[in-house]
Amino acid sequence: MKSAKSGKPAKAAEAAKSGKPAKAVKPGKPESHLAMVRRARRINRELAEIYPYAHPELDFRNPFELLVATVLSAQTTDLRVNQTTPALFAAYPTPEDMAAAVPEELEELIRPTGFFRAKAKSLIGLSASIRDNFGGEVPGRLADLVTLPGVGRKTANVVLGNAFGVPGITVDTHFGRLVRRWKWTEQEDPEKVEAEIATIFPKSEWTMLSHRVVFHGRRICHARRPACGACPIAPLCPSYGEGETDPEKARKLLKYEMGGQPGQRLSPPPDYPGRPAPAPGAE
């Protein structure tokens, strides 16, 4: 597999095909904070080489679409959201349109994403707030975004980082799991995780760091069976061995483009090396 930017084989594929099991971090004296910061920044640099094409995995064309898609992504997959939003945005392309939606009709359109009644209430509420309080435009400040119904810091940081270019750390389940495995933090609360990770990396790295960590969590460092034996950053991981260490068995655990499978976006960025996700009914 070629990386669209570097032209080099993906490091995860190299690790999986080498036939050599990855090596764990050697046990020794407790790691100092400075050593942890250096290791964390090295992991980020390695991830940047592994995933030069890392991106938000929700399809969107403007801030409003990204905001809506992110709200819909709670408790479901980005793929399911991406398969649902084309019809949704065809029916309600603007905040004004969605604010005026008949709840039952909106609910039916977003039913595949689950929790559709609560999500419909949030979408109508946030659309009305954007219409009434922000001139019909999605606000570009964290303090304003979190006033919208159904919008917390995680959703706000997704929108700020990817629609407005304002750096933010997105602490979803993948991000929280990996940063704890890597011993960057012991915090469980997402806001405390965000605050601690923000002290480790320069602000300019926050948005792309979030994408890289989430990409790694979805493709290699899974919740139940991490593909340790196919992980190119295993030498930097203090939790090596929690998953499958045999290279050949680990290779079979790789997902999305790393495993030769489609990604989650129906319309991925031009530099994405994998295949687009299937449209509804084409699975």
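1. In what follows, Ala, Val, Leu, Ile, Met, Phe, Trp, Tyr, Cys and Pro count as nonpolar, Asp, Glu, Lys and Arg as charged, and the others, Gly among them, as polar. With those classes, the lining of the largest pocket in this predicted model divides into ten nonpolar, 17 polar and seven charged residues.

2. The largest pocket holds about 760 Å³ of space, and of the 34 residues that line it, D78, K154, D172, H174 and R218 lie nearest its centre. The elements that give two or more residues to this lining are α3 (63-72), α9 (153-163), α10 (173-181) and α12 (206-219), and the largest share, six residues, is contributed by α12.

3. Two of the residues nearest the centre of the largest pocket, D78 and R218, also meet through their side chains in a salt bridge, at 3.1 Å from N to O. Because R218 lies in helix α12 and D78 in helix α4 (residues 78-91), the pair ties together parts that are 140 residues apart in sequence. Both R218 and D78 are buried, and both belong to a network of salt bridges that links them with E57, R219 and E257.

4. The count of salt bridges in the model comes to 16, and another of these joins D59 to R265, with the closest N and O atoms 2.9 Å apart. Since D59 sits in the loop between α2 (33-50) and α3, while R265 sits in the segment after α13 (247-251), this pair ties together parts that are 206 residues apart in sequence. D59 counts as buried because its relative accessible area is 11%, under the 20% limit, and R265, at 10%, is likewise buried.

5. A salt bridge with partners in contrasting surroundings is formed by E65 and R61, whose closest N and O atoms are 2.6 Å apart. E65 is buried, with a relative accessible area of 4%, whereas R61, at 67%, counts as exposed.

6. As for enclosed space, there are two cavities of 30 Å³ or more. The largest cavity has a volume of about 100 Å³, and among its 13 lining residues C221, P226, C228, C237 and S239 are the closest to its centre. By class, this lining has nine nonpolar, two polar and two charged residues.

7. The second largest cavity holds about 30 Å³ of space and is lined by H55, E57, G263, Q264, R265, P268 and Y272, which divide into two nonpolar, three polar and two charged residues. Of these lining residues, R265 is the salt-bridge partner of D59, and E57 belongs to the network that includes D78 and R218.

Note on methods:
Residues are numbered from 1 along each chain as its sequence is written. This is a predicted model: local features need pLDDT of at least 70, side-chain atom pairs count only at pLDDT 80 or more; totals for chains, interfaces and linings use all residues. Side-chain values use heavy atoms; hydrogens and water are left out. On a 1 Å grid over the protein atoms alone, a cavity is a set of points where a 1.4 Å probe fits but cannot get out, and a pocket is an open set with protein on both sides within 12 Å along at least five of seven lines; lining residues have an atom within 4 Å of a point. Grid points are joined across faces, edges and corners, and a volume is the space filled by probe spheres set on the points. Helices (H or I, at least four residues) and strands (E, at least two) are DSSP runs, numbered from the N terminus. A salt bridge is a side-chain nitrogen of Lys or Arg within 4 Å of a carboxyl oxygen of Asp or Glu. Buried means under 20% relative accessible area, exposed over 50%, partly exposed in between (1.4 Å probe, protein chains only).
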